[in-house]
Amino acid sequence: MSQFKVTTSRDGRRVFGDHDDRWTDNGRGGHGGGQRSFGKRGGRKNYGGFNRGSGYNRGGRPDRSRGRGRGFNNGPGPRSRFDDEGDVDMGGNSGGPSTSRYTPYGNSRRGDRRNTYGRDRNTQAPNADKYKKMGLPVRGSDNQWYRVLIPFGKKAGKDGLLKLLNDNLDVPFIPVCFHFEQEKAVFYIQDRKASESLRGLSNRLTMSNGFKMIVISKPSGPPSVFTLDEEVIEKLKVCMSSRYDPATKALNLSNLYNDTTLSQDKIHLALNKQTVMSQVSDIIGENIPELETLDVSENKLLGLDNMRDLVTKAPNVVRLNMGKNLIRVIQELEKIKGWKLQELILDGNDLCDRFKDQTAYISAVRKRFPKVIKLDGHDLPPPITFDLESSSSLPPKKGSFFLSPELQELSVKFLKEYFTIYDSGDRQSLLPAYQDDALFSLSTAFNPLIEYGQPKLHDYMPESRNLLKMSRDPGKRQKVLKKGKLGIVSQLCELPKTTHDYNSFVVDVDHASSTLMSFTVLGVFKEDSRSDKPPIRSFSRHFVTVPSGTGMVIVNDMMTVTNASHEQFQKAFKSQAPTPSSSPVPNEGPSVLFPPPAGSTSFTPEQQQKIQSFCHDSGMNADYSAKCLQQYNWDYMEAGKVFSELQKQNKIPPEAFLS
């Protein structure tokens with residue numbers, strides 16, 4: 001049996017023989033030690049696989065353990081006072097470089113962080129050189145890059161945009177890698193003061209299209225390739241020529257960065273950078289637009305934005321290899337949908353692991369490329385498609401549509417009178433325009449065509465019946481549906497006051513008969529607010545009307561409101577519209593869309609109902625239906641019998657029937 005002894009250190013710790021091996025040479029000691037072991041009475045059991053070498057812990061970091069003879073910052077540790085047997089040296093001198101007492105709860109290195117991280121913002125961050133090599137932004141660096149983005153800057157053009165900025169900027173700047181991303185203008189600068197000055201110009205300058213310029217400048221990594229000089233471009237052409245097979249019309253750009261020919265000249269071109277891909281697209285468009293097979297595998301492509309132009313410059317590509325890249329979502333394929341691909345390789349991208357089975361994967365690919373017959377080297381069953389060439393361009397937009405000139409005159413008059421009251425501020429006068437049991441619904445949503453911030457829709461959201469937003473609350477669908485003319489007009493009175501632009505109206509009449517008329521009007525209006533720039537909204541109103549007395553009333557009104565698009569905003573209220581009459585419409589309702597039969601001034605509601613029913617059953621128009629009923633003293637059954645007999649004898653003129 002081993003000797004049992006108790007030893008006490010100066011800090012009050014007691015060690016019971018071999019039962020506490022926290023400070024032994026082979027002990028793990030909490031953080032350090034070259035070998036991980038777990039002490040037991042009478043011996044130790046070593047657990048393999050944790051040995052990372054002397055002086056390093058399991059995480060691979062330098063040893064800061066409480067091991068024998070070493071403390072924090074390589075100072076004396078608590079084991080420096082122990083001899084080989086675990087006893088304390090009582091001589092007062094541990095033999096180390098310092099005799100200060102170890103205080104386990106004293107000041108730690110944590111206080112040094114103020115010296116490390118509490119520096120001035122202009123002081124370069126630690127490991128700055130390492131971050132620069134990785135292309136990451138370094139705070140406070142004199143060489144910091146900034147990415148400047150100007151929404152809708154393409155409208156002003158590169159020269160006009162830079163001239164406007166330079167004329168109003170005190171600090172000169174040099175734009176690097178200027179290009180357009182859809183409607184946005186993007187360039188890079190390497191000057192912190194110029195970046196701050198550019199941000200200060202945001203919403204202060206007016207571009208040539210009449211809109212305020214928005215300038216967004218944020219720290220970023222440097223552009224990978226600033227410009228490709230003529231020498232590099234010529235060598236790139238030679239490289240691409242050697243990789244092109246004219247017999248099969250195939251171009252292999254796989255792993256372009258490590259191309260042997262270019263590497264000999266110490267040229268490394270990353271195809272995932274916009275400048276390189278743009279230059280490659282230009283070379284293809286100028287020299288081999290007939291390209292049919294393209295291999296861009298192993299180029300670390302994260303997305304396909306930079307390949308948009310290539311679709312138009314090489315429209316005949318039917319075989320594409322994008323394997324072993326870094327594409328994460330299948331939606332990236334939307335950017336190259338212009339190609340009618342038959343063979344596609346995506347294997348090796350993260351997106352391939354995002355589908356639950358092979359069927360879902362194939363379906364997602366064929367949704368973008370319906371004619372694909374080989375995917376990732378595997379033959380697919382023939383697609384079920386209609387081999388019809390669809391035009392990529394939409395037909396020209398048409399104006400209003402009316403079934404006849406008479407309906408055009410009547411519907412335009414009705415809309416003018418209706419919106420005159422609507423904009424007058426006294427919307428209660430619209431009560432006669434609605435039937436007693438009419439229905440009204442309002443739907444609103446933000447405009448998806450607007451890329452940046454747009455005006456709020458708080459005044460419309462509470463009563464919005466947007467069915468896409470109500471899938472989880474079916475009860476609200478009925479709650480926000482207004483029934484009856486009192487409820488409808490009350491709702492209209494709560495909406496913001498407006499001024500409609502009549503010149504923006506587009507009217508489509510989709511159905512008109514003697515008993516019912518359905519039409520839609522689209523346009524823009526601005527809200528009457530105290531703001532210098534009242535919001536301009538886009539709207540759609542669908543009316544369903546029926547005749548009533550000398551006029552007609554609305555039985556269904558569906559209203560949709562969103563924010564005006566960029567194009568609508570530019571055109572709104574630019575031309576002088578006819579000044580609406582300030583006098584309200586008479587109480588008998590809006591315009592007479594359905595004139596009463598000739599020789600009659602008005603009918604009772606019961607007689608009108610019989611006329612409508614007779615029109616529906618007989619197919620005759622309102623004039624002849626009314627005459628037939630009047631001739632037989634409004635006896636519906638008798639008039640019907642006579643009509644049937646006359647129709648069999650072909651004695652009813654063609655003009656009596658609805659067209």
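## A pair of strand partnerships

Let's start with β16: this strand and strand β17 (residues 482-483) pair in the antiparallel sense, over two bridges. Strands here are DSSP runs of E with at least two residues, helices are runs of H or I with at least four, and both are numbered from the N terminus. Two strands count as paired if DSSP finds at least two bridges between them. Across this pairing, L439 has K483 in β17 as its bridge partner.

β16 (residues 434-444) also pairs with strand β22 (residues 551-563), this time in the parallel sense and over seven bridges. Here S443 has T560 of β22 as its bridge partner.

## About the model

This is a predicted model, in which local features need pLDDT of at least 70 and side-chain atom pairs count only at pLDDT 80 or more, while totals for chains, interfaces and linings use all residues. Residues are numbered from 1 along each chain as its sequence is written, and side-chain values use heavy atoms, with hydrogens and water left out.

## The four-stranded sheet

Next comes an open sheet of four strands, in the order β6-β7-β5-β8, with antiparallel pairing. Because β6 (176-181) and β8 (216-220) stand at the edges with a single partner strand each, one side of each is left without a neighbour in the sheet. From one strand to the next, the twist averages 20°. β6 is joined to β7 (residues 184-189) by four bridges, the two strands running antiparallel, and V176 stands opposite Y188 in β7. As a general point, side chains in a regular strand alternate between the two faces of the sheet.

Two helices lie across these strands. Helix α3 (residues 158-167) lies across β5 (145-150), β6 and β7, and runs at about 125° to β6. Helix α4 (residues 192-200) lies across β5, β7 and β8, at about 150° to β7. For these angles, axes are lines fitted to C-alpha atoms, for helices over the stretch in contact, and the angles run from 0 to 180 degrees between N-to-C directions. Contact means heavy atoms within 4.5 Å.

## Nonpolar cores

The largest nonpolar core has 50 residues, and those with the most contacts inside it are L294, M322, I336, W339 and L346. The elements giving two or more residues to this core are α5 (230-242), α7 (274-287), α8 (308-313) and α9 (358-368). A nonpolar core is a set of buried Ala, Val, Leu, Ile, Met, Phe, Trp, Tyr and Cys residues joined through side-chain atoms within 4.5 Å. Buried means under 20% relative accessible area, exposed over 50%, and partly exposed in between (1.4 Å probe, protein chains only).

W339 is a good residue to click on: leaving aside residues up to four places away in sequence, W339 touches L294, M307, L310, V311, A314, P315, V317, L320 and F369. Apart from this core lies another, of 34 residues, among them L407, V509, M517 and M559.

## Helix α9

In α9, the buried residues are Y361, I362, A364, V365, R366 and R368. Their cover includes β13 (343-345) and β14 (374-375). At the start of α9, a side-chain oxygen of D357 reaches to within 3.3 Å of the backbone nitrogen of T359.

## Salt bridges

A search of the whole structure finds 21 salt bridges, each defined by a side-chain nitrogen of Lys or Arg within 4 Å of a carboxyl oxygen of Asp or Glu. In helix α4, R192 and E196 meet through their side chains (3.3 Å, N to O). Being four residues apart, R192 and E196 are separated by about one helical turn. R192 is partly exposed at 40% relative accessible area, and E196 is partly exposed at 39%.

Helix α5 holds E231 and K235, also four residues apart, about one turn of the helix; their side chains form a salt bridge (3.4 Å, N to O). E231 counts as exposed at 52% relative accessibility, whereas K235 is partly exposed at 25%.

R319 forms a salt bridge with E292, with the closest N and O atoms 3.5 Å apart. R319 lies in strand β12 (residues 319-321) and E292 in the loop between α7 and β11 (293-295), so the pair ties together parts 27 residues apart in sequence. R319 is partly exposed at 25%, and E292 is partly exposed at 25% relative accessibility. Elsewhere, D305, R308, E332 and K335 are joined into one network by salt bridges that share partners.

Conventions:
Polar contact = N/O pair within 3.5 Å; in protein donor to acceptor, adjacent residues only side chain to side chain.
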